[in-house]
Amino acid sequence: MAVSSIIQSVNMASPQFKANPFPFYAQLRAEAPVYRLTINNSDKNPLWVITRYQDVASVLKDERFVKDPKNALPPNQMPKADWLPGFFHIMDNNMLKMDAPDHTRLRALIHKVFTPARVEQMHFRVQQLADELLDTAAKDKHFDLIEHYALPIPLTVICEVLGIPDEDIPKISRWKKSIMSSVSHSFQRLGRFSSFIGFVSYIRNLCHRRRVDPQDDLISALAKANENGEMLSDEELQGMVVLLLVAGHETAVSLISNGTLALLENPDQLDLLRRNPMLVKSATEEFLRYYPPIETATDRYARENVMVAGVTIPRGEQVRAVIASANRDPSQFENPETLDLTRENNKHLSFGQGIHYCMGAPLARLEGHIAFNTLLARMPNIQLDIPVESLRWRSGLTFRRLETLPVTF
Ligand code: HEM
């Protein structure tokens with residue numbers, strides 16, 4: 001069947017599609033590697049999906065694809081965006097949505113304070129958290145690995161790095177859950193709106209407090225950071241904290257839960273890692289390749305007409321580079337559909353490429369290494385508690401994340 005006829009029935013953002021998108025990506029790579037389609041999402045704007053490894057890597061590095069649509073089109077041609085009151089701008093105004101020179105300035109500032117030493121300091125704490133969480137989970141033979149392990153590790157770690165007090169973490173978690181939930185009734189909408197207000201007010205107040213009374217944490221360090229005499233404005237600081245908080249745990253949750261699922265689906269590989277914990281570094285890279293937490297990179301817009309693989313993407317149009325497809329491209333990876341924890345030269349694109357390359361990759365890797373080895377050491381006979389077909393993936397184009405991962409041991 002031609003790609004165009006299949007596409008009619010595919011909604012790349014739906015949970016059903018996300019259960020196994022890989023055959024569809026293989027077909028796009030073979031027949032239509034640069035393909036324009038309309039995703040059945042809220043804005044319904046058409047976008048270009050890029051699926052081959054080389055094209056995904058080059059789009060992510062190509063500065064003709066910008067992050068801020070204002071840099072791609074004159075104001076009168078801008079697609080209509082939802083109006084957002086100024087109070088909420090910090091939710092959406094961060095360096096992942098910026099281009100040079102603002103992006104360069106913000107990235108240089110964070111680079112100064114989010115250092116390898118700060119990440120390495122968290123080693124002991126990550127191990128302690130993994131042990132404590134499994135002590136609690138082990139009291140019951142059945143538990144949701146996401147709620148009781150994969151989520152609390154990175155959430156606690158990023159909150160502590162930023163300087164969010166431990167007693168506030170449950171509140172942050174509740175707000176975030178409500179903000180990210182899908183709502184159908186007006187009272188649910190109201191609940192989400194009040195979570196937004198609670199979350200934004202909390203971050204604004206915390207940033208303000210750290211400016212006037214700095215502590216030994218990342219928010220205070222960011223507030224003081226200075227690059228060629230320039231410092232972050234209040235709004236930039238708040239936007240940065242929201243970005244680090246969200247990017248700093250949502251993805252790492254998926255690294256731990258998707259990686260565990262990959263092991264449970266491949267018992268020979270689980271056994272291999274259990275017997276050889278030293279393999280955990282290459283295993284983590286393979287989990288990132290096989291089930292990447294970011295399925296498609298965030299929006300980019302063509303600043304001019306750009307040719308990709310012989311197809312012209314017109315100025316102003318939106319592009320999505322599909323990392324999950326690039327990572328399974330046979331022109332780059334031998335036996336890409338096989339989970340191979342000993343894979344060498346694993347140049348997956350799961351942390352992106354170019355100027356927006358993930359700033360948290362060392363922290364995410366540290367969390368993954370400790371989480372996988374601790375889990376297998378403590379629960380060597382871990383198993384899925386429901387049939388794999390019953391697992392539900394979250395909807396949405398960007399993340400690849402399970403709703404729950406029920407396990408038993
Ligand atoms: C396994 C976990 C993670 C994965 C797979 C991941 C993946 C990514 C990807 C693909 C991008 C680029 C997106 C794009 O170009 O469209 C990105 C950017 C970013 N990530 Fe991560 N990330 C992870 C963990 C983290 C953590 C733990 C932090 C912070 C503590 C973090 C902070 C950021 C930031 C700040 C950016 C934006 C960089 C910029 O715009 O220059 N990430 N991440």
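Modeller: Let's settle one term: two strands pair if DSSP finds at least two bridges between them. Helices (H or I, at least four residues) and strands (E, at least two) are DSSP runs, numbered from the N terminus. This is a predicted model, where local features need pLDDT of at least 70, side-chain atom pairs count only at pLDDT 80 or more, and totals for chains, interfaces and linings use all residues. Residues are numbered from 1 along each chain as its sequence is written.

Colleague: Thanks! Which residue in β8 is the bridge partner of Ile50?

Modeller: Strand β2 (residues 46-50) runs parallel to strand β8 (residues 318-321), and four bridges link the pair. In β8, Ile50 has as its bridge partner Ala321.

Colleague: Which are the edge strands of the open sheet?

Modeller: The sheet has five strands in the order β1-β2-β8-β5-β3, with mixed pairing. Strands that pair on one side only are the edges, here β1 (34-38) and β3 (65-66).

Colleague: What angle does the direction of helix α4 make with that of β8?

Modeller: Helix α4 (residues 53-61) packs on the sheet and touches β1, β2, β3, β5 (300-302) and β8. Axes are lines fitted to C-alpha atoms, for helices over the stretch in contact (C-beta atoms, placed from the backbone, within 7 Å). With angles running from 0 to 180 degrees between N-to-C directions, α4 and β8 make about 125 degrees.

Colleague: What radius of gyration does the protein have?

Modeller: The C-alpha atoms fill a box of roughly 60 × 60 × 45 Å along the principal axes. A compact globule of 409 residues would have a radius near 22 Å, by the rule of 2.2 Å times the number of residues to the power 0.38, taken over C-alpha atoms. The protein agrees with that, at 21 Å.

Colleague: Which helix gives the most to the largest nonpolar core?

Modeller: Such a core joins buried Ala, Val, Leu, Ile, Met, Phe, Trp, Tyr and Cys residues through C-beta atoms within 7 Å, buried meaning 20 or more other C-beta atoms within 10 Å (exposed: 12 or fewer; partly exposed: in between). Among its 71 residues, Ile153, Leu162, Leu222, Met240 and Val241 touch the most other members. Twelve residues, the top contribution, come from helix α13 (residues 234-265).

Colleague: And which element gives the largest share of the shell around the ligand?

Modeller: The ligand has 25 residues around it (C-beta within 6 Å), the closest being Gly248, Thr251, Gly352, Cys358 and Gly360. Two elements, α13 and α17 (361-378), each give two or more residues to this shell. The largest share, seven residues, belongs to α13.

Note on methods
Two residues are in contact if their C-beta atoms, placed from the backbone, lie within 7 Å.
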